[in-house]
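Reader: I am new to this structure and would like a close look at a single part of it, the salt bridges. Please take me through them slowly, one pair after another.

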Amino acid sequence: MKLEGKVALVTGSSQGIGQGIVLRLAEAGADVVINYRSHPEGAEETLAKVQAIGGRCHMVQCPNRQDSIKGHTIRADLGSVPEVRQLIAESIEHFGKLDILVNNAGIEKHAAFWDVTEADYDAVLNVNLKGVFFATQAFVQHLIETKRPGKIINISSVHEDLPFPNFAAYCVSKGGMKMLTRNLAVELGAFGITINNVAPGAIETPINTQLLNNPEKLGALLKNIPLSRLGQPQDVASVVAFLASADADYITGSTFFVDGGLLWNYQEQ
Ligand code: BGC
């Protein structure tokens, strides 16, 4: 139980990769805050799964732990800085502290560059970058105040490096996330706070619903993936659990790609 005694907040954890991360961290012994914006039923589902792990943990997985794993759900829109600050404050209030922040919530909007609206640009940048910036700031303030180390893990994308036509705002947000991580690795190192990115490729989650329902596009995508399959949330979650643990204490400012080889697969036909 590598994360026993730790408290983690995973933003956007009512579905997809975020839900997978919550479950993996709970399996490793962490108490978890589940955040959602518009799917309370998804957050409840995540919580029920955490409680099931807690029950098992009680009996067999972690006999040293007197209580079972705890989970708590909080509604907050990551696109709103006041709500982001409230989310961090409520998480700390509920569990007494926070040790791990996983900035997972993210959205994307499909449009040719010349058609992108200001509203869509703001929606993407606010959730994917501004929300991450200020959630991380509030978390860091808490760690510095309580003089404790901590771990920040950002769920980025292969598109922090790789162009994604028709998703310019999304790429801008993920490229920004890459530089935020590099900058903060330097600025926060002295406090024992590490920050890293996990960059998924094509993972089977609700963000990809349209793609998954389009056999032609899906077939073309699979041809680009050397491991010939889409990723699953667990593929991402296991790397997050490693980065959140003491095994990764000497790692900061790095990006870990979880993409089945997609990023480097240029081929001439
Ligand atoms: C995007 C997906 C896309 C995948 C691979 C992810 O960051 O959210 O829509 O399929 O990258 O291109």
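**The salt bridges, one pair at a time**

Author: A starting point for reading the accessibility values is His72, which at 23% relative accessibility counts as partly exposed, because that class lies between the limits of under 20% for buried and over 50% for exposed. His72 is found in strand E3, which covers residues 71-75, and the model in which all of this is described is a predicted one.

A search of the whole structure finds nine salt bridges, and the general idea behind them is that side chains of opposite charge can pair when their charged atoms come close. One of these pairs is formed by Arg37 and Asp77, whose closest N and O atoms are 4.0 Å apart. This pair links distant parts of the chain, since Arg37 sits in the loop between strand E2 (31-36) and helix H2 (40-61), while Asp77 sits in the loop between E3 and helix H3 (81-95), 40 residues apart. Both ends keep some accessible surface: Arg37 counts as partly exposed at 41% relative accessibility, and Asp77 is also partly exposed, with a relative accessible area of 22%.

Another salt bridge joins Asp249 to Lys151, and here the closest N and O atoms are 2.6 Å apart. This pair, too, links distant parts of the chain, with Asp249 in the loop between helix H8 (233-244) and strand E7 (255-258) and Lys151 in strand E5 (residues 150-155), 98 residues apart. The two partners fall into separate classes of accessibility, for Asp249 is partly exposed with a relative accessible area of 47%, whereas Lys151, at 9% relative accessibility, counts as buried, because 9% is under the 20% limit.

A further pair is made by Asp235 and Arg229, with their closest N and O atoms 3.0 Å apart. Asp235 counts as partly exposed at 23% relative accessibility, and Arg229 is likewise partly exposed, at 43%. Beyond these pairs, salt bridges that share partners join Lys97, Asp99 and Arg148 into one network.

To return to the opening residue, His72 can also be placed by its separation from Leu221: the two are 149 residues apart in sequence and 37 Å apart in space, taken from C-alpha to C-alpha.

Conventions. Residues are numbered from 1 along each chain as its sequence is written. This is a predicted model: local features need pLDDT of at least 70, side-chain atom pairs count only at pLDDT 80 or more; totals for chains, interfaces and linings use all residues. Side-chain values use heavy atoms; hydrogens and water are left out. Helices (H or I, at least four residues) and strands (E, at least two) are DSSP runs, numbered from the N terminus. Buried means under 20% relative accessible area, exposed over 50%, partly exposed in between (1.4 Å probe, protein chains only). A salt bridge is a side-chain nitrogen of Lys or Arg within 4 Å of a carboxyl oxygen of Asp or Glu.
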